Amino acid sequence: MATMIYVTSDTFFGRSSKAKDRGFANSEEMQTELIKRWNEKVKPTDIVYHLGNFAWDIVSSEHALMNLNGVINLMPSTYDEAAKESFEMFENAYILDVGIQVIESLECVLSPWPLRTWPGKPYSILHIHGGDKRFKANLLKENRFNANCDLWSLSPVSLDSLKEVLEMVEESK
């Protein structure tokens with residue numbers, strides 16, 4: 001099976017207020033469910049770009065990294081200091097501390113936050129970002145997706161799926 005590429009953001013492993021917002025009894029219940037949903041999609045050799053706000057504390061970050069499938073690339077955002085420390089201890093976890101990651105071979109631009117303009121925007125290059133789930137895109141106006149896990153059933157979404165959605169939108173124009 002081919003290696004898949006996934007994106008996600010704002011998992012906030014270990015954050016009790018986020019667990020309650022999502023309808024969980026506590027952060028441990030949320031963490032267990034997030035890991036389950038992640039691993040149902042992501043295989044050990046798949047690549048995941050996490051676009052910020054991975055975990056609330058170092059213990060939750062380490063627990064998640066010990067149990068998550070895939071090669072995980074974190075683009076740190078506002079609440080990722082603890083995650084940055086824990087990522088250094090795992091062979092399948094990397095920090096991409098660049099702010100904006102252009103992946104020409106995949107025709108996409110990644111960032112932890114929504115951008116008004118991005119490299120390749122005039123040429124329909126896809127922009128995938130993390131951040132508050134209120135930052136939703138109008139796909140009829142621009143090729144931009146929010147990878148916030150709250151918008152994707154609390155799990156990573158494949159890049160292929162996002163590109164399929166864009167193709168359907170283009171066909172409907």
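Contact, as the word is used on this tour, means heavy atoms within 4.5 Å, while helices (H or I, at least four residues) and strands (E, at least two) are DSSP runs numbered from the N terminus. The model is predicted, so to speak of local features requires pLDDT of at least 70, side-chain atom pairs count only at pLDDT 80 or more, and totals for chains, interfaces and linings use all residues. Residues are numbered from 1 along each chain as its sequence is written, and side-chain values use heavy atoms, with hydrogens and water left out.

Begin by selecting the open sheet, where 4 strands follow the order β5-β6-β7-β8 with mixed pairing; two strands pair if DSSP finds at least two bridges between them. At its edges are β5 (101–103) and β8 (144–146), each of which pairs on one side only.

Next, select β6 (residues 108–111) and β7 (residues 126–129), which run parallel and are joined by 4 bridges, and find Cys 108 opposite Leu 126 in β7.

Now add helix α5 (residues 159–172), which lies across β6, β7 and β8 and runs at about 130 degrees to β7; axes are lines fitted to C-alpha atoms, for helices over the stretch in contact, and angles run from 0 to 180 degrees between N-to-C directions.

Then turn to the largest nonpolar core, which has 23 residues, with Phe 13 and Phe 54 among those with the most contacts inside it. Such a core is a set of buried (under 20% relative accessible area, 1.4 Å probe, protein chains only) Ala, Val, Leu, Ile, Met, Phe, Trp, Tyr and Cys residues joined through side-chain atoms within 4.5 Å. Helix α2 gives the largest share of this core, 4 residues.

Note on methods:
Buried < 20%, exposed > 50% of the residue type's maximum accessible area, 1.4 Å probe, protein only.
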